[in-house]
Amino acid sequence: MPHVLLMSSYYPSTKKPARAIYCRETALALARAGHQVGVLVSPELRFWPVGLRCFHSLHHVLRSRYTIENDQGLATYRYHASLPFHWAKASGCLTNYWGERLFRKYCDEHGQPDVIHAHFAFYSGLLGSHLKFKYKIPVVLTEHHTQIQLKRLNTGQKKALNVLSKNIDKIVAVGPQLATSLRDFIPDREIEVVGNFVDPGRFQADYRRLPKSPFIFTVVSNLYPQKGVDVLMEAFSRAFKNEDTILKICGDGPERKRLQNQARNKGISDQVKFLGKLPNEQVAQCIQESHAVVCSSRFETFGIPLIEAMSCGKPVVSTQCGGPEHFVEKTNGFLVPAEDAASLANALQKMRKEYSSFCSDTIRADCLKRFGVETFIKRYENIYEEVM
């Protein structure tokens with residue numbers, strides 16, 4: 001089995017345990033499948049402030065702080081700094097410089113990997129491209145970033161994407177709409193679509209019969225504007241105000257206070273339960289104790305909470321936000337236009353009315369066939385063999 005080095009600018013940390021958690025779960029899944037796997041976390045991208053604080057941030061980058069961790073057997077080499085998202089060329093150069101130093105240290109201690117699996121073009125993909133050029137190691141890039149799907153790239157990033165595309169052996173997108181956006185920037189490259197995966201052991205079907213009342217909807221989401229939870233609150237208010245229906249919100253973020261005020265103003269604060277950020281085990285339990293799961297996002301590259309719900313045998317209601325369209329269908333739920341509170345309210349009402357018509361066994365079986373961990377690992381093993 002090939003020795004895989006996974007690289008990403010975004011990765012879970014003590015302060016942000018849910019940050020791009022699918023990257024860590026991918027590495028752990030590959031390791032459990034028998035691969036030798038290492039992780040290199042390159043600098044994260046953020047918008048830097050202007051003025052003196054910007055110079056302080058630059059000083060922080062140049063100090064070159066890194067750690068080496070053992071994460072359930074994963075050798076994790078982590079660079080602790082942030083780079084300016086809006087300084088594309090400088091960020092790329094710094095990522096390549098510090099990333100190569102960490103890469104050489106990793107190779108000294110664990111041997112040179114057979115394949116590099118980079119997540120996110122900016123800037124782990126560029127680092128992978130740089131390492132391929134110098135060390136002749138094949139590179140696979142998996143792209144997740146909504147900035148590319150929304151085509152919000154500056155001139156420097158567009159040029160960098162073209163340079164990257166010439167060196168990367170295989171480019172993968174997690175959703176079809178993201179793949180379409182990527183093709184607009186790099187039309188000469190073939191882009192394969194491989195969705196994320198779900199752990200069927202953690203997200204299991206629970207066949208205890210739920211009471212018909214109250215009917216419980218759950219949303220699993222960070223509370224940011226792009227997640228559209230404000231639209232969901234409006235839709236829920238229209239559909240179920242003063243009815244025996246509950247909305248559970250698993251997640252936290254800067255929108256929480258505004259959403260709590262919105263619930264209060266709409267007169268549904270007794271029906272909306274803000275549970276905050278929960279560990280994965282509690283998220284699974286919350287889904288199992290719900291009738292249906294909702295995604296109200298304005299845009300998504302995939303939609304992991306939806307396949308987690310389906311793995312539990314739960315039907316879903318989702319907006320057409322870029323990712324869920326290729327796996328939400330009439331056998332497992334309903335799709336509605338994004339940012340359309342009226343359509344979302346109708347879909348929520350329809351779900352409550354027709355809930356008993358959905359088959360949990362069918363939903364779970366189809367989900368695991370398409371997004372189970374074994375299917376996911378096999379897809380990437382085939383890709384690794386192809387590029388090697």
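## The eight-stranded sheet

Let's start with an open sheet of eight strands, ordered β4-β5-β2-β1-β7-β8-β9-β10, in which the pairing is mixed. At its edges sit β4 (66-71) and β10 (191-193), each pairing on one side only. Going from one strand to the next, the twist averages 20°. Keep in mind that this is a predicted model.

Over towards the β10 side of that order, β8 (residues 139-143) and β9 (residues 170-173) run parallel and share four bridges. One residue pair to look for here is V140 with its bridge partner K170 in β9.

## A closer look at β5

Strand β5 (residues 74-79) is worth a stop, since six of its six residues are buried. In a regular strand, side chains alternate between the two faces of the sheet. You can follow that pattern along β5: L74, T76 and R78 point one way, while A75, Y77 and Y79 point the other way, and all are buried.

What about the strands beside β5? With β2 (residues 37-41), β5 pairs in the parallel sense over four bridges, and here G38 stands opposite A75. With β4, the strands run antiparallel and six bridges join them; in this pairing I68 stands opposite Y77. The β4 and β5 hairpin has two residues between the strands, and Q72 takes a positive phi near 50° there.

## The six-stranded sheet

There is also an open sheet of six strands, and this one has parallel pairing, in the order β13-β12-β11-β14-β15-β16. Its edges are β13 (272-276) and β16 (333-337); each has a single partner strand, so one side of each is left without a neighbour in the sheet. The twist here averages 25° from one strand to the next.

Inside this sheet, β14 (residues 292-295) and β15 (residues 316-320) run parallel, joined by three bridges. Look for C295, which stands opposite S318 in β15. Helix α8 lies across β11 (215-220), β12 (245-250), β13 and β14, and runs at about 170° to β12.

## The nonpolar cores

Which residues touch the most other members of the largest nonpolar core? Out of its 91 residues, they are F122, F217, M233, L247, I249 and L348. Helix α8 (residues 229-240) gives the most to this core, with seven residues.

M233 makes a good place to zoom in. Leaving aside residues up to four places away in sequence, M233 touches L247, I249, L259, Q262, A263, I268, V272 and F274. Apart from the largest core lies another one of 26 residues, with A27, L30, V172 and Y384 among them.

## Cysteines without disulfides

How many disulfides does a search of the whole structure find? The answer is zero. Take C250: the nearest cysteine sulfur belongs to C286 and is 3.3 Å away, whereas a disulfide needs the two sulfur atoms within 2.5 Å, so this pair does not count as one. C250 is buried, with a relative accessible area of 3%.

C312 is in no disulfide either, and its nearest cysteine sulfur, that of C367, is 8.9 Å away. Is C312 buried or exposed? Its relative accessible area is 2%, and because buried means under 20%, C312 is buried.

Terms used:
Residues numbered from 1 in each chain as written. Predicted model: local features only at pLDDT ≥ 70, side-chain atom pairs only at ≥ 80, totals over all residues. Heavy atoms only, no water. Buried < 20%, exposed > 50% of the residue type's maximum accessible area, 1.4 Å probe, protein only. Core = buried A, V, L, I, M, F, W, Y, C linked by side-chain atoms within 4.5 Å. Contact = heavy atoms within 4.5 Å. Pairing = 2+ DSSP bridges. Axes fitted to C-alpha atoms, helices over the stretch in contact; angles between N-to-C directions.
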